[in-house]
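Colleague: Please put the model up, and then I will ask about its helices, its loops and its core.

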Amino acid sequence: MEDRLQLDNGLVPSKIVSVLLRESALKELLEKGKSVKHITSLSLKKQTEVILSEPSPCEWEVLSERGDASQTEHRKGSLLLLPEVQRLLGERRGSEPLRGTRSGVDSEDNSLGNNHQHMEGHGHHLHLSSCHECLELENSTILSVKYASVDNIPDLPDDFATCTDSGDETLDEFEEDAAESFVGQSRRVNVSGKPPNVLVYTGGCQERFQRVRSLVGECIDMYSYTVYPLRPQQALSEPWLESAALLILASDDPLTPQLQARFLAYLELGGKILGLSSTLCPTGLALVPRESRRRQICRLNFTRADSTELDLSVLASGNVFIREPQSGGGGETAEVESWGELKGGGADDGDKDMVIVRVTTCDGNGGEAVLCQVHLEIAPDSEDIASLQGFDELKISNMRRYEVLTEILTSLGLRCELSQAPPPSPVYILSTSEEHRACFLKWLHTQVDKEGLLKSSKASLKVVSGAELQAGPPLLPEGTLALVTDPPVAQSCEYFSLHTYNQHLQTRRLGHTVLYAHVIPTTMDLLERLMLQLPEEIGLVAVAAQQTQGKGRGENAWLSPLGCAMFSVHVQVAVSSRLGQRISFLQHLAALAVVEAVRTLPGYQDIDLRVKWPNDIYYSNLMKLGGVLVKSTVMGPTFYLLIGCGFNVSNSNPTICINDLVMQHNREHGTSLEALSSAQLIGRTLTFLEELICAFQEQGSEAVLPLYYKRWVHSGTQVRLWSEDGPHADVVGVDDNGFLQVRSEEQGVVSVQPDGNSFDMLRNLVVVKQR
């Protein structure tokens, strides 16, 4: 709760629940409490002293429609206000004390103000705290209840801790949602509109919960679900069974018989369970140890829903499933399907250990569990993986690990496609100096129409001031982005540090004016409208923290999450120049600039980052972590070029990133290299790109090829041409035009053009690129 709630006795609160006390319990509290208590307010700004007088019958109850007070139902949403608190609220409103409603007792609607409502649902009356007066509840009492029965304490969503805004509006919204969400609630339906719950049981381990929550958040549509921890005491005592869309068991500690029974009861009620190395075993299954496999990297054969198979490397738990016939004939055995088996190493030669099973109940309730005895939740860069060989093996399979998880979560009924992409954000003008800023703004005002629009078929811009933006989101035509001329506030550029960028940008021209957006469809489209009119000296670059429609070569899509360095830069090259005559070399120079940006940093020279022909950035010869796309337009004597570049800096999943390599280097060599940032590497990449272009223009390809060959992955590589049965060929280098040269016995030395062919690194195959 971020230190908003402080208790005098020094205890640390974990959550707040509302309870309905029986009169006897309240009297006992009063006797022990000496009748006067100082209660700290939820807001640190105010404190309220409350006198606990002899209680009248509890008010604000949710009662049975039968009207019998003895039949009071202790349901979620019940709220107790002591008489003194009611009196204080009444005095502040200048009205009578607040009264609740009882079945058979008239409610005094007039004393509650026009904004209060009475709602009826399933035969119950509920008074909602939706009016302005009830904002005072932020400063009302919080009672520490000692004698209330645990069975009658309802659970409130743990996302109460995420209500971090200090204003009353957030708190009022939470209170109203909490009340509404339990009125007329049916199975897995939340009428407050909040996302369904995914509960994660880790045996109380917060670190493991955060790991699993992060993993699940990368697989499912987080706009549609909310992930909460389920603690052991909650699992046994609180009524969560009817409100969870999915239960994830991510603890390998043995489950107690009580927990085992509780989780199986949820399954029998139609619940969905994902077991990650959990000891949960429904009827018909048994767990047996395989100590030789414990914490070992093994090959998994996973069967998809369409019966196709997926092979990947995983970390084994050391347990496997076996089918166990039900004894005694009592009850029905659940249906068990094998979805994943470890290759080799079974009890007999050729046996395959069953480690992923799908279990469905036989009573037609829809209960389903997918139970795994491989650590799908452990990432390759985890401390559980000690060796570089293990890191490499698991990283190569990391994308497939996510495919398996997505397949499982989809089968359990969760949505794994985004229901909505984040909306585009305003575009801000950043500059390394006021001189560069003034130069760009002067040019910009010559390009916009009377309405401040810079129109384009792909990404139109409307020039707005910071004051206009603060007044509210501007009304923009469809497909138009706001281009803000005033310097942004710090929060607008939280993923891009202009200060860090300036420190590492050492260019004469490139990158001194930046168009930055937190979310944008693609940086290429942002500059495409501008590049033919831009003066060469501006050297404009567009940077995004997140792209929703990133592009690669051949119209391939490029996944562009947070943590990826993404930018497009405008360059002009004379057609008659050395580079203009060999313009396809530009993509090689851009990819080489990214590698040099990292490997020339002191201490980072051994980070195994390389270039792959024609335009990729690789970790060793194993995995791609970035790429380059160049678009060119010729007008008269000039090439107008857009260089788009994207490479993974800190987004470790689902593939690999530069900071993974840095961390692994630290482990292997005992160093303490710092993680790198996108702003730092974009600044350094532009610096090296300008240097490489200048060197090529002055001396031709010979000035850059030695460095290019030093950093590329193809030295000594033998490939097959065109198909897996094609002729063998040795990679020689690149020719004068930047095309790949290979030598075969049948054909001699031949050049392979990048636009028609692709280099399959995993199979050492040069193939015709499929469109």
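**Overview of the model**

Modeller: The chain has 17 helices and 32 strands, where helices (H or I, at least four residues) and strands (E, at least two) are DSSP runs numbered from the N terminus. This is a predicted model, in which local features need pLDDT of at least 70 and side-chain atom pairs count only at pLDDT 80 or more, while totals for chains, interfaces and linings use all residues. Residues are numbered from 1 along each chain as its sequence is written, and side-chain values use heavy atoms, with hydrogens and water left out.

Colleague: What percentage of the 771 residues count as buried?

Modeller: Buried means under 20% relative accessible area, exposed over 50%, and partly exposed in between (1.4 Å probe, protein chains only). Of the 771 residues of the chain, the buried share is 51%.

Colleague: Are helix 7 and helix 15 roughly parallel or roughly antiparallel to each other?

Modeller: Axes are lines fitted to C-alpha atoms, for helices over the stretch in contact, and angles run from 0 to 180 degrees between N-to-C directions. The axes of helix 7 (residues 388-396) and helix 15 (residues 658-669) come within 11 Å and cross at roughly 160 degrees. Angles under 35 degrees count as roughly parallel, over 145 as roughly antiparallel, 65 to 115 as roughly perpendicular and the rest as oblique. Helix 7 and helix 15 are therefore roughly antiparallel.

Colleague: Which residues make the contact of helix 7 with helix 15?

Modeller: Contact means heavy atoms within 4.5 Å. From helix 15 come Asp660, Gln664 and Glu668, and from helix 7 come Leu388, Phe391 and Lys395.

Colleague: Where is Pro614 found, and what is the omega of the peptide bond that leads to Pro614 from Trp613?

Modeller: Pro614 sits in the loop between strand 23 (609-612) and strand 24 (616-619). The peptide bond from Trp613 to Pro614 is cis, and omega is near 5 degrees.

Colleague: Which residue has a side-chain polar atom 2.9 Å from the backbone nitrogen of Trp613, and is that residue, His714, buried or exposed?

Modeller: The backbone nitrogen of Trp613 lies 2.9 Å from a polar atom of the His714 side chain. His714 belongs to the loop between helix 17 (705-711) and strand 27 (718-721). With a relative accessible area of 1%, His714 is buried.

Colleague: Where is the proline that a cis peptide bond joins to Asn653?

Modeller: The bond joins Asn653 and Pro654, with omega about 5 degrees. Pro654 is in the loop between strand 26 (638-648) and helix 15.

Colleague: What is the relative accessibility of Arg295?

Modeller: Arg295 is not a glycine, yet has a positive phi of about 60 degrees. Its place is in the loop between strand 9 (285-289) and strand 10 (297-303). Arg295 counts as partly exposed, at a relative accessibility of 38%.

Colleague: Is Ser307 buried or exposed?

Modeller: Ser307, also not a glycine, has a positive phi of about 75 degrees. The loop between strand 10 and strand 11 (309-315) holds Ser307. At a relative accessible area of 57%, Ser307 is exposed.

Colleague: How many ångströms separate the C-alpha atoms of Ile408 and Leu274?

Modeller: Ile408 is in helix 8 (residues 398-411) and is buried, with a relative accessible area of 0%. Not counting residues up to four places away in sequence, Ile408 touches Leu274, Phe302, Trp339, Ile356, Val370, Cys372 and Leu376. Ile408 and Leu274 are 134 residues apart along the chain, and their C-alpha atoms are separated by 8.1 Å.

Definitions and conventions
Polar contact = N/O pair within 3.5 Å; in protein donor to acceptor, adjacent residues only side chain to side chain.
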